[in-house]
Amino acid sequence: MSQSPDIKITAEAPVRAPSSVPVDDAVLPFEVAELDLRGRLTRMGPALDDILTKHDYPPPVGKLLGEAIVLTTLLGSSLKFDGRFILQTQTDGPVSFLIVDFQAPDRLRAYARYDVTKLKDGQNSADLLGKGHLAMTVDQGPDMSRYQGLVALDGGNLEDAAHEYFLRSEQIPTRVRLAVGEEWRGGGDGPKHRWRAGGMLLQFLPKAPERAQRDIDPGDVPAGVEKPEIEEDDAWVEGQSLIATVEDVELIDPDLSGERLLYRLFHERGVRVFSSLGLRAQCSCSRDAVSAMLKSFAAQDRAEMVKDDKVVVTCEFCSSVYQFTPHEAGVEE
Ligand SMILES: [Zn+2]
């Protein structure tokens, strides 16, 4: 039996070994106090598989949407209210639109629109997106203001867009890793396909804010002005080099617990983990909501939806099918 190494928590707090039990569909917040780092680690299994399998996407499209889902969990799980975090992309690539809707504390749904004729072998997630923008919306309910952050997608992937967003809008030095994989496991009736994913967000949040300002974007310097020589803070340099060593396979490994992965990365500095947050795939659509939506349409639009003497509406998020008689759909005879 192998000996579990201890997790160093803080000088005073109790010390315990990292749990070796992997937990899927959860976000694990953590802190590396000695380096002023805070982060979150997401591991996804059944909930991700549920969302992607319902749509039967071509694998590269499923992978891209999976990355967007993981990024959403890393960003949305910090919401401290019963709000909504919506991540959307609108771009000129084969995947022209994708949306992930996270409803605090734990509900996720997502879908992507793609042009199958533009899909080619060997396209990565950045190729599938092309150019356009990524929008992140925080909606705290009808009486609260909506917040929207926009960042350009300029031939990069979602990790690049997240870095750009945090640098420009939040001015927090941030690194994000996203990984999505397909797993084949043997079973009674042959190998079974499953989607898995993992991701990590790492942020440098020193008590003295000027330490973080060293990571400012040189692009913010006006043209013609010499770029200032700024040395990054040593703690952040170390944090970035540690997260850069994480392999995709470690992020999605079903047998490696999140706590063990964090220990592997940060044990020399001591890492403290907080309570994890569960995630589940659940759509918020309902027959009543679809019916109300139909009633909000113009009478002529409703009439045009009648086919074979019925009105059929399919939820784009979860593929649920809702069927109405013309009378139920409010179509006048
Ligand atoms: Zn639905």
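**Exercise 1. Find which residue of β12 is the bridge partner of leucine 108, then place both strands in their sheet.**

Step 1. In this predicted model, leucine 108 has alanine 281 in β12 as its bridge partner.

Step 2. Now look at the two strands as a pair: β5 and β12 run parallel and are joined by two bridges.

Step 3. Widen the view to the whole sheet. It is open and has six strands, in the order β7-β6-β3-β4-β5-β12, with mixed pairing. At its edges lie β7 (146-154) and β12 (280-281), each of which pairs on one side only.

**Exercise 2. Work out which residues isoleucine 69 touches, leaving aside those up to four places away in sequence, and describe the core that isoleucine 69 belongs to.**

Step 1. Start with the contacts. Isoleucine 69 touches Met44, Leu48, Ile51, Leu52, Val100, Leu108 and Ala110, when residues up to four places away in sequence are not counted. Leu108 in this list is the residue you met opposite alanine 281.

Step 2. Turn to the core. The largest nonpolar core has 54 residues, and Met44, Leu65 and Ile69 touch the most other members. Helix α2 (residues 59-76) gives this core its largest share, nine residues.

Step 3. Look for another core. There is a second, separate one of 25 residues, and Val32, Leu37, Phe204 and Ala212 are among them.

Step 4. Add some background: in soluble globular proteins, nonpolar side chains tend to be buried together.

**Exercise 3. Follow β2: which strands does β2 pair with, and in what sense?**

Step 1. Take β1. It pairs with β2 in the antiparallel sense, over seven bridges. Within this pairing, proline 29 stands opposite arginine 40 in β2.

Step 2. Check the turn. The hairpin of β1 and β2 has four residues between the strands, and aspartate 36 there takes a positive phi near 55°.

Step 3. Take strand β9 (residues 192-204). Eight bridges join this strand to β2, and the two run antiparallel. Here arginine 38 stands opposite glutamine 203 in β9.

Step 4. Ask how covered β2 is. Seven of its eight residues are buried, so β2 is mostly covered.

**Exercise 4. Identify the protein donors of the zinc ion and decide what geometry the site has.**

Step 1. List the donors: Cys283, Cys285, Cys315 and Cys318, each through its SG atom, lie 2.2 to 2.3 Å from the zinc ion.

Step 2. Read their spacing in sequence, which is C-x1-C-x29-C-x2-C.

Step 3. Test the angles. Those among the four donor atoms run from 103 to 113°. Four donors count as tetrahedral if all angles lie between 85 and 135 degrees, so the site of the zinc ion is tetrahedral. For reference, the ideal angle for four tetrahedral donors is 109.5 degrees.

Step 4. Sort two of the donor residues by accessibility. The cut-off for buried is under 20% relative accessible area. Cysteine 283, at 18%, therefore counts as buried, while cysteine 285, at 21%, counts as partly exposed.

**Exercise 5. Find out how many salt bridges there are, and see where some of the partners lie in the chain.**

Step 1. Begin with the total, which comes to 21 salt bridges.

Step 2. Examine arginine 269 and glutamate 34, whose closest N and O atoms are 2.8 Å apart. This pair links distant parts of the chain, 235 residues apart: arginine 269 is in the loop between α8 (258-266) and β10 (272-273), and glutamate 34 is in the loop between β1 (26-32) and β2 (37-44). Arginine 269 is partly exposed at 28% relative accessibility, and glutamate 34 is partly exposed at 44%.

Step 3. Go on to arginine 113 and glutamate 316, which form a salt bridge with closest N and O atoms 3.0 Å apart. Here too the pair links distant parts of the chain, 203 residues apart, from strand β5 (residues 107-114) to the loop between β13 (311-314) and β14 (321-324).

Step 4. Set beside these a bridge within one helix. Aspartate 50 and lysine 54 have their closest N and O atoms 3.3 Å apart, and both lie in helix α1 (residues 46-55), four residues or about one turn from each other.

Step 5. Finish with a network: salt bridges link Glu183, Arg185, Arg194 and Asp255.

How values were computed. Residues numbered from 1 in each chain as written. Predicted model: local features only at pLDDT ≥ 70, side-chain atom pairs only at ≥ 80, totals over all residues. Heavy atoms only, no water. Salt bridge = Lys/Arg side-chain N within 4 Å of Asp/Glu carboxyl O. Buried < 20%, exposed > 50% of the residue type's maximum accessible area, 1.4 Å probe, protein only. Core = buried A, V, L, I, M, F, W, Y, C linked by side-chain atoms within 4.5 Å. Contact = heavy atoms within 4.5 Å. Pairing = 2+ DSSP bridges. Donors = N, O, S within 2.8 Å, 3.2 Å for Na, K, Ca; no water. Tetrahedral: all angles 85-135°; square planar, octahedral: opposite > 155°, others 65-115°.
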